[in-house]
Amino acid sequence: MMNIGLKKLDWYIIRKFLGTFFYAIVILAVISCVIDYSEKVEDFVQKKAPLMAVVNYYKDFVPHITALLFPLFIFIATIFFTSKLAYKSEIIAMLAGGVSFNRFLRPYFIGGAFLCLISLLSNHWIIPKADKERLAFENRYIHDPTYVSDRNVHLRLSKDLFVYMQGYDYMANSGYHFTAEKIDGTQLKEKLMADNVKYDTVKKIWHLSNVAIRSNNGMKEDIKYASQMDMLYPFTPKDLHQDETIKEALTTPELNDFISKETLRGHENLNAYYVERERRTAQPFAGFILTMIGACIACRKVRGGSGLHLALGILLSALYIMCLQLFTTFSTKSTLNPLLAVWIPNIIFGTVAFVLYRRQVK
């Protein structure tokens, strides 16, 4: 029976694998921070961002960029250190010593699974918390504030309550042409119309001006007027502006609750949020698949050495990104199922990994 314990060969390859991976993360994270800082330094100065706030921003920016490029980090790291092993004829020595190719791949499998698990946990819980602080900093010191909400906003607040607002001015904290309708099945029971509305951030209520309320009770219809009225509605001005970046700042349970709430409110195209939720699971497995591809590509000593392997690795990485962006766009802009959109690239590259594996075994 095969001993499932880790041998010296396993520890040797795993140390090389993880060491190269984390080294690549540090180098590319530093480069990303420098590029990002050079692009935003004028905003920092103009809006007088405190030094510690900037430092904390880049503390949260590093997990964001690391998670974003995780499959590429792990793929390039695998290609780089495996090609070095092949160039030094270490892999030839392993195979000549009786180590099968399956046995050679075992530490790659263990290392890839370990990084996949870390990425999986991070994507669902850790990264969103860092993104929440990062996006809060960007909204305060980088992005211009939102002055007017989206035009003609419709919201469904409950099973039978629908509201409409033609527009909302965040600077004046005032909206206009507001309508609230209570619908029982297909029958309109009550329709409230107000020329202007304002949100009271202290009392959490809406102040309505020039109000008309039309009530239907069978064949009887009543109309009432009021110059001022206060109403408690379960929404705030922030709900009038749909900011898709919010999906990055929500843990997966929070994202599920957000999707349920937005579905109830009648937002039609939520595929971007579904894609984000499914991506958090699919991306770590992409890193695992690319680990296997990298090991199969770079394990043979070829003319051109590491340079040829790295060039091939970068080409495959570019193809993976293009494939992912293509199907994500089909999902967010069309009708492609979000689950398929994020998993089709994994299926394609998983098939490539299997073909390369079978060729190496033969």
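How are α1 and α3 oriented to each other: roughly parallel, roughly antiparallel, roughly perpendicular or oblique? Let's work that out, along with a few other puzzles. Keep in mind that this is a predicted model.

**Exercise 1. Describe how α1 and α3 pack, and list the residues that meet.**

Step 1. Start with what you need: two packed helices are described by the angle between their axes and the distance between the axes.

Step 2. Get the numbers. The axes of α1 and α3 are 8 Å apart, and the packing angle is about 130°.

Step 3. Classify the angle. Over 145 degrees would count as roughly antiparallel, and 65 to 115 as roughly perpendicular. The pair α1 and α3 is therefore oblique.

Step 4. Add the handedness: α1 and α3 make a right-handed crossing.

Step 5. Look at who meets whom. From α1 come Y12, I13, K16, F17, T20, F21, A24, I25 and L28, and they meet F70, F73, I74, A77, T78, F80, F81 and L85 of α3.

**Exercise 2. Do the same for α2 and α5.**

Step 1. Helix α2 covers residues 51–68, and its axis comes within 9 Å of the axis of α5. The two cross at roughly 140°.

Step 2. That angle makes α2 oblique to α5.

Step 3. For the handedness, α2 passes α5 in a left-handed crossing.

Step 4. On the α2 side, the meeting residues are A53, V54, Y57, K59, D60, F61, P63, H64 and A67. Their partners in α5 are N123, I127, A130, D131, E133, R134, F137 and E138.

**Exercise 3. Find the largest nonpolar core and say which helices build it.**

Step 1. A bit of background first: in soluble globular proteins, nonpolar side chains tend to be buried together.

Step 2. Here, the largest nonpolar core has 41 residues. The members that touch the most other members are I13, F21, F104, Y108, L115 and I293.

Step 3. Now the helices. At least two core residues each come from α1 (8–46), α3 (70–87), α4 (90–96), α5 (101–141), α7 (271–298), α8 (305–333) and α9 (338–361). The top contributor is α7, which gives ten residues.

Step 4. Zoom in on F21. Setting aside neighbours within four places in sequence, F21 is in contact with F70, F73, I74, A77 and L115.

Step 5. Don't stop at one core! Another one lies apart from it, with 21 residues, including F178, L192, A194 and L208.

**Exercise 4. Count the disulfides, then check C116 and C323.**

Step 1. A disulfide needs two cysteine sulfur atoms within 2.5 Å. With that cut-off, the count is zero.

Step 2. Check C116. Its nearest cysteine sulfur belongs to C296 and is 17 Å away, and C116 is in no disulfide. With a relative accessibility of 8%, C116 counts as buried.

Step 3. Check C323. The nearest cysteine sulfur is that of C116, 18 Å away, and C323 is in no disulfide either. C323 has a relative accessible area of 12%, so C323 is buried.

**Exercise 5. Sort D36, G287, V355, K48 and S89 into buried, partly exposed or exposed.**

Step 1. You need the cut-offs: buried is under 20% relative accessible area, exposed is over 50%, and partly exposed is in between.

Step 2. D36 sits in helix α1. Its relative accessible area is 7%, so D36 is buried. Leaving out residues up to four places away in sequence, D36 touches Y57, Y58 and F61.

Step 3. G287 belongs to helix α7. At 0% relative accessibility, G287 is buried too. Beyond residues up to four places away in sequence, G287 touches F70, P71 and I74.

Step 4. V355 is in helix α9. Its value is 43%, so V355 is partly exposed.

Step 5. K48 lies in the loop between α1 and α2. With 71%, K48 is exposed. K48 also has a positive phi, near 55°, without being a glycine.

Step 6. S89 is in the loop between α3 and α4. At 27%, S89 is partly exposed. The phi of S89 is positive as well, at about 65°, although S89 is not a glycine.

Note on methods:
Residues numbered from 1 in each chain as written. Predicted model: local features only at pLDDT ≥ 70, side-chain atom pairs only at ≥ 80, totals over all residues. Heavy atoms only, no water. Core = buried A, V, L, I, M, F, W, Y, C linked by side-chain atoms within 4.5 Å. Buried < 20%, exposed > 50% of the residue type's maximum accessible area, 1.4 Å probe, protein only. Helix = DSSP H or I, 4+ residues; strand = E, 2+ residues; numbered from the N terminus. Contact = heavy atoms within 4.5 Å. Axes fitted to C-alpha atoms, helices over the stretch in contact; angles between N-to-C directions. Parallel < 35°, antiparallel > 145°, perpendicular 65-115°, else oblique. Left-handed = near helix turned anticlockwise from the far one by under 90°.
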